[in-house]
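Q: Got a minute to walk through this one with me? I'd like to go over the sheets, the helix packing and the ligand site.

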Amino acid sequence: MSGMDRPSSTPFRFPVAARYAGMESSPLKDIFALAAKEGVTSFAGGIPDRELFDLGPVQEAYDWVLTHRGHRALQYGVSEGEAELREQAARRISRTLPTDASQIRVTSGSQEGLFVVAEALLEPGDVVLVESPTYLAAVQAFAVHGARMVGVDTDEEGVIPEALEEAIRTHHPRMVYLIPTFQNPTGRTMGVLRRRQVAEVLQRSDVPLIEDDPYGELSFTGSTWAPIASLPGMGERTLLLNSMSKLMSPGVRIGWIRAEGPILDTLAVAKAAISMQSSVVDQLTVARYLETADLDAHVRTVAEVYRERRDAMARAIAPILPEGAHVTHPDGGMFLWAALGEGYDAQTMLADAVEAGVAYLPGWSFFAEHADRSTMRLSFVTHSPAVIEEAIASLGEVIARHPR
Ligand SMILES: Cc1ncc(COP(=O)(O)O)c(C=O)c1O
């Protein structure tokens, strides 16, 4: 044994960066563990129904790309994203906000988009204002860059403009992060007037907006909402994130950021530092799919199925909620949000629920601060109405056994 050797009884432990300390697990990792548990009907994840994937046209697009663009598809690409995909993305966004392909930066899903944004904009100690509650994995992407999240009060239409203005005055945030349409986790949508009021606040205070819109096209009513980025004066001060995950496939990992001006260069540099570029074969395939398939028709079909499931869950959940509880009734997207009310703890209740064969996501993790522990997020998209009804009935029995 040389002097450098040491007994191997203590296992080696990598020193971990302070910003990841205590994050050995994450609520998001736990969702997927719950969703995978056998015999459990999980409403925990925002996981599209795989039976609804547009498999044939996607396969045709992959075949076409590998047959006609094979050498390019398998080679390195550019950090900004492949031209064909940027053109298709610009074409879709231009329905409500005139956009050129040069204003698109491709990302590997919106989750990477949020990371790219954080990388490009945030200094340790910066404040990010978020809706209360908001998307937990965005909070995580910002937090590992040293940002401090401050939650802004919301009502049935999302963030309250007066509360936003007050929070900006108090906290001097680096940016505001909002999900205005079919929000995760509440399913709520900001109306047109509310969007204008929020835009006015942001323009008065000169704070940039990160507008995350992965669900906007999944409308159950036929109505869609133009992004806040499309309001006068907002295009230049908004980074708009879109994703193919909920519309076409989360497995392809393709999304994009729409921006204007010099920040586009910084976003490309940040993207290059993180992953060089997104998968070229997947980018070209999504571009081909968008060019040749009818994504709008596909989304209409999916939304029709999701609407039936929303109805099934809304019907099943109403009678099982305790008096004074509140549940949202979203016009699109994937989630219902229930607040059981004072005295209930959805986290404590989860073990019993899983035991009874049903899982949801406790709501506390969606709050940057002042968590309402009686809340839960339920995704209605993954299971059939019959399965939903049965599992919600089981949840009702669990709630009844947990009186406040
Ligand atoms: C609001 C929001 N933003 C971003 C994402 C990330 O999605 P993806 O990386 O699959 O595009 C999700 C996924 O659930 C989400 O709900």
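A: Sure, and one term before we start: a crossing counts as right-handed if the near helix is turned clockwise from the far one by less than a right angle, and as left-handed if anticlockwise. Also keep in mind that this is a predicted model.

Q: OK, use that term then. Which way does α12 pass α13?

A: α12 passes α13 in a right-handed crossing. Helix α12 covers residues 346-355 and helix α13 covers 385-401; they pack at an angle of about 135°, with axes 10 Å apart. That makes α12 oblique to α13.

Q: And which residues meet there?

A: From α12 you have M349, D352 and A353, and they meet L395, V398 and R401 in α13. By class, that contact has four nonpolar, no polar and two charged residues.

Q: Switching to the ligand. Which residues come nearest?

A: There are 13 residues around the ligand, and G109, S110, Q111, S243 and S245 come nearest. By class, the shell has four nonpolar, eight polar and one charged residues.

Q: Which helix gives the most to that shell?

A: Helix α5, residues 109-121, with three residues.

Q: What does α5 pack against, then? Try α6.

A: The axes of α5 and α6 come within 9 Å and cross at roughly 30°. The two helices are therefore roughly parallel to each other, the cut-off for that being under 35 degrees. This crossing is right-handed.

Q: What sits in the contact?

A: On the α5 side, Q111, L114, F115 and A118; on the α6 side, A137, A138, A141 and F142. The residues of this contact divide into seven nonpolar, one polar and no charged. Note that Q111 turns up both here and among the residues that come nearest the ligand.

Q: Now the sheets. What's the strand order in the seven-stranded one?

A: The order is β2-β10-β9-β8-β7-β3-β4, in an open sheet with mixed pairing. Its edge strands are β2 (104-107) and β4 (148-152), each of which pairs on one side only. On average, neighbouring strands are turned by 20° against each other, direction ignored.

Q: Which helices lie on it?

A: Helix α4 (residues 83-93) packs on the sheet and touches β2, β9 (238-243) and β10 (255-258); the direction of α4 makes about 115° with that of β2. Helix α6 (residues 136-143) lies across β3, β4, β7 and β8 (209-212), and runs at about 145° to β4.

Q: How do β3 and β7 run, parallel or antiparallel?

A: Parallel, with three bridges joining β3 (residues 127-131) to β7 (residues 175-178). To pick out one pair, V128 has M175 in β7 as its bridge partner.

Q: What about the four-stranded sheet?

A: That one is open too, in the order β11-β12-β15-β14, and the pairing is antiparallel. β11 (326-327) and β14 (361-362) stand at the edges with a single partner strand each, so one side of each has no neighbour in the sheet.

Q: How many bridges between β12 and β15?

A: Five bridges join β12 (residues 335-339) to β15 (residues 375-379). F335 stands opposite S379 in β15.

Q: Before I look at the backbone: which peptide bonds are cis?

A: The bond from S132 to P133 is cis, with omega near 5°, and P133 sits in the loop between β3 and α6. The bond from N184 to P185 is also cis, with omega near 20°; P185 is in the loop between β7 and α8 (192-205).

Q: Anything odd about phi in that loop?

A: Yes, F182 has a positive phi of about 45° although it is not a glycine. F182 is found in the loop between β7 and α8.

Q: Last one: how does α8 sit against α7?

A: The axes of helix α7 (residues 161-171) and α8 come within 9 Å and cross at roughly 15°. That makes α7 roughly parallel to α8, and the crossing is right-handed. P161, L164, E165 and I168 of α7 make the contact with Q197, V198, V201 and S205 of α8. Those residues divide into five nonpolar, two polar and one charged.

Note on methods. Residues numbered from 1 in each chain as written. Predicted model: local features only at pLDDT ≥ 70, side-chain atom pairs only at ≥ 80, totals over all residues. Near = placed C-beta within 6 Å. Nonpolar A, V, L, I, M, F, W, Y, C, P; charged D, E, K, R; others polar. Pairing = 2+ DSSP bridges. Axes fitted to C-alpha atoms, helices over the stretch in contact; angles between N-to-C directions. Contact = placed C-beta atoms within 7 Å. Parallel < 35°, antiparallel > 145°, perpendicular 65-115°, else oblique.
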